[in-house]
Amino acid sequence: MVKKRVLLWDYTNTRDVKWAMDKINFKGPLHSCSNWNTWYPDELKHRLPFRPMIHGKNNLTGGEWQNILKTNEEVIHFFNEPERAGISPEEAAKIWNDQVLALRTSHHKRLVSPSCASDPAGIAWIKKWMNLVAKNPPDYLGLHWYGTKGDEMIRYLESMHKEHPHQPIIVSEWASTSRSYPDVLGLTVQLANWMDSTPWVAEYALFGCMRQMADDFVSPEAQLMNKDGSFTDLMWKYMSDQPMHI
């Protein structure tokens, strides 16, 4: 079995429906878990490796940074869509060199680049950042993608891999934005199976396991969790089926 799939477990689940974690299929293709935070969700109970995230600049000091320094987890994400948070590539590169890089050199962690959106602004941001840190590059290239055409995501990932061939890719967020469930399912099946069979894709995280989305960008038809904390059919397929099927 190929294990590349990431469980995106929102912090609201830890707050409101901890019990739902015990319903996860840990014997399937799930490979790791992330909650977009520095802190470990205790209900995970070490049943999957956890991926802490330095989501933004507020995670670089105090207790949030101590979480990062003390973690026993091996892979750490650096910045989530910084181009939309007003963080320049130059500022992020300085933070990388001055603070974050020591997590690899002194703490033996593997580091994921900032994960940017797949629009022109995101592509330009990560290209510039990768050039700025070329002497000390990340271990993985983090990417996001949302859309309605699976072939477009494949072309995007292939182009980014061609641009940065030395970093395996972690797709730290992706999902269909279609409002048609057959289309959502078709895209999810196509892309999960493609990424499972693509050697330079290290992990991929279907967005996202939570009862309520933060906004209406991601389609309700792509929900992985119902409002009562139970899982949707799409979630059962994602965490259990390999290959995925319609």
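What is the volume of the largest cavity? In this predicted model, the largest cavity has a volume of about 60 Å³, and a search of the whole structure returns one cavity of 30 Å³ or more. The lining of this cavity is made up of Val6, Leu8, Ser34, Trp36, Arg51, Met53, His77, Ile170, Ser172, Glu203 and Ala205. By residue class, the lining of the largest cavity comprises six nonpolar, three polar and two charged residues. At least two lining residues come from each of the strands β1 (5–9), β7 (169–176) and β8 (201–209).

The strands that contribute to the cavity lining are also joined to one another. β1 and β8 run parallel and are connected by four bridges, and Arg5 has Tyr204 of β8 as its bridge partner. β7 and β8 likewise run parallel, with four bridges between them; here Ile170, a residue of the cavity lining, has Glu203 in β8 as its bridge partner, and Glu203 is itself among the residues that line the largest cavity. Eight of the nine residues of β8 are buried, so this strand is largely enclosed by the rest of the structure.

On its other pairing, β7 is joined to β6 in the parallel sense over seven bridges, with Gly147 standing opposite Ser176 of β7. Strand β6 is mostly covered, seven of its seven residues being buried. In general, the side chains of a regular strand alternate between the two faces of the sheet. In β6, Leu141, Leu143, Trp145 and Gly147 point one way, whereas Gly142, His144 and Tyr146 point the other way, and the residues of both sets are buried.

Strand β6 is also involved in the largest pocket, which has a volume of about 600 Å³. This pocket is lined by 27 residues, and those that lie nearest its centre are Tyr146, Glu173, Phe207, Ala214 and Asp215. The elements that give two or more residues to the lining of the largest pocket are α1 (11–16) and β6 (141–147), and α1 gives the most, with four residues. The lining of the largest pocket divides into eleven nonpolar, seven polar and nine charged residues. Tyr146, one of the residues nearest the pocket centre, is thus placed within a strand where it is buried and points the same way as Gly142 and His144.

A separate description applies to β3, β4 and β5, which form an open sheet of three strands in the order β3-β4-β5 with parallel pairing. The edge strands of this sheet are β3 (53–54) and β5 (110–112), each of which pairs on one side only. The pairing of β3 with β4 (residues 75–78) is in the parallel sense and extends over two bridges, with Ile54 standing opposite Phe78 in β4. Met53 and His77 are among the residues that line the largest cavity.

With regard to cysteines, the structure holds zero disulfides. Cys33 is in no disulfide, and the nearest cysteine sulfur, that of Cys209, is 9.1 Å away. Because a disulfide requires a pair of cysteine sulfur atoms within 2.5 Å, a separation of 9.1 Å leaves Cys33 and Cys209 outside that cut-off. Cys33 is buried, with a relative accessible area of 0%, and Cys116, at 1% relative accessibility, also counts as buried.

The UniProt annotation, from an unreviewed entry, assigns residues 34–238 to "domain: Asl1-like glycosyl hydrolase catalytic". Over residues 34–238 the chain is 36% helix and 17% strand, and the C-alpha atoms at the two ends are 16 Å apart. Helix α8 (residues 233–240) contains Ser240. Ser240 is partly exposed, with a relative accessible area of 26%, a value that falls between the limits of 20% for buried and 50% for exposed residues. Although Ser240 and Asn25 are 215 residues apart in sequence, their C-alpha atoms are 6.5 Å apart in space.

Terms used:
Residues numbered from 1 in each chain as written. Predicted model: local features only at pLDDT ≥ 70, side-chain atom pairs only at ≥ 80, totals over all residues. Heavy atoms only, no water. UniProt positions renumbered as here; feature names shortened; annotations may be inferred. Buried < 20%, exposed > 50% of the residue type's maximum accessible area, 1.4 Å probe, protein only. 1 Å grid on protein atoms, 1.4 Å probe; cavity = no way out; pocket = protein on both sides within 12 Å on 5 of 7 lines; lining within 4 Å. Points joined across faces, edges and corners; volume = space filled by probe spheres on them. Nonpolar A, V, L, I, M, F, W, Y, C, P; charged D, E, K, R; others polar. Pairing = 2+ DSSP bridges.
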